[in-house]
Amino acid sequence: MTKVLVIADTHNKLPPIICELARDAEEIWHLGDVCDDWIVDELRVLGPPLTLVRGNCDSNYRWPLVCDLTRNGIRFRLQHIAPPPSQPVDCDILLHGHTHVPRDETIGRIRFLNPGCVTRPNRGASPSVAWLGLSDDGKLTWELKSLR
């Protein structure tokens, strides 16, 4: 099983627990609002390959707004702000940040996942990240991890 650590909305803060969790990850996906390049440098030093997208608070225009990935036959789209459900999206799973609130919701044929916010959660949520597990046969697990 491939383990992906999914994080979003670090907003210039990288709690030490993120570095500890990353030791068990095979990939890290950051869903935007990194804010400063030093966060990217720190995450890259941890070892697992890092994929990231630019959020509305990011000023590094070299980072993509959208990243499409395929893992074990599953089509993923990473972007910071989720499109409205009425907008067609060509993926199976859309991972996003921005709201600072965890999400696991299927609308039509698309599953929307949000790991919540690392540093400034919203609407009573606790700071969180998520583990995305991908088995060789295409099964997916999503586990929210509270940082409290």
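**Exercise 1. In the hairpin of β7 and β8, find which residue takes a positive phi, and then work out how β8 is paired and how far it is enclosed.**

Step 1. The hairpin of β7 and β8 has 2 residues between the strands, and G108 takes a positive phi near 65° there. Helices (H or I, at least four residues) and strands (E, at least two) are DSSP runs, numbered from the N terminus. The model is a predicted one, in which local features need pLDDT of at least 70 and side-chain atom pairs count only at pLDDT 80 or more, whereas totals for chains, interfaces and linings use all residues. Residues are numbered from 1 along each chain as its sequence is written, and side-chain values use heavy atoms, with hydrogens and water left out.

Step 2. Strand β7 (residues 103-107) pairs with β8 in the antiparallel sense over 5 bridges, where pairing requires that DSSP finds at least two bridges between two strands. In this pairing R103 stands opposite N114 of β8.

Step 3. Strand β6 (residues 93-95) is joined to β8 by 3 bridges, and these two strands run parallel; here F112 in β8 is the bridge partner of L94.

Step 4. Of the 5 residues of strand β8 (residues 110-114), 4 are buried, so the strand is largely enclosed by the rest of the structure. Buried means under 20% relative accessible area, exposed over 50%, and partly exposed in between (1.4 Å probe, protein chains only).

**Exercise 2. Identify the buried residues of helix α2 and state which elements they pack against.**

Step 1. In helix α2 (residues 37-45), the buried residues are I39, V40 and L43. They cover an arc of only 100° around the axis, which puts them on the same side of α2; the arc is that of the directions from the helix axis to the C-beta atoms.

Step 2. These buried residues of α2 pack against β1 (2-7), α1 (16-22), β2 (27-30) and β3 (50-52), with contact meaning heavy atoms within 4.5 Å.

Step 3. Just after α2, G47 takes a positive phi of about 115°.

**Exercise 3. Trace the pairing of β1 with β9 and with β2, and give the handedness of the crossover.**

Step 1. Strand β9 (residues 128-134) and β1 pair in the antiparallel sense over 5 bridges, and L5 stands opposite W131 in β9.

Step 2. On the parallel pairing, β1 is joined to β2 by 4 bridges, with H30 in β2 as the bridge partner of I7. The β-α-β crossover, in which the chain passes from β1 through α1 to β2, is right-handed; that is, with the strands pointing away from the viewer, the path from the first strand over the helix to the second runs clockwise.

**Exercise 4. Decide whether S135 is buried or exposed, and list the residues that it touches.**

Step 1. S135 is found in the loop between β9 and β10 (140-146), and S135 is buried, with a relative accessible area of 13%.

Step 2. Not counting residues up to four places away in sequence, S135 touches M1 and N72.

**Exercise 5. Describe the chain as a whole through its elements and its radius of gyration.**

Step 1. The secondary structure comes to 2 helices and 10 strands. The radius of gyration, taken over C-alpha atoms, is 14 Å, close to the 15 Å that the globule rule (2.2 Å times the number of residues to the power 0.38) gives for 148 residues, so the chain is as compact as a globular protein of that length.

Step 2. Buried residues make up 50% of the 148 residues in the chain.
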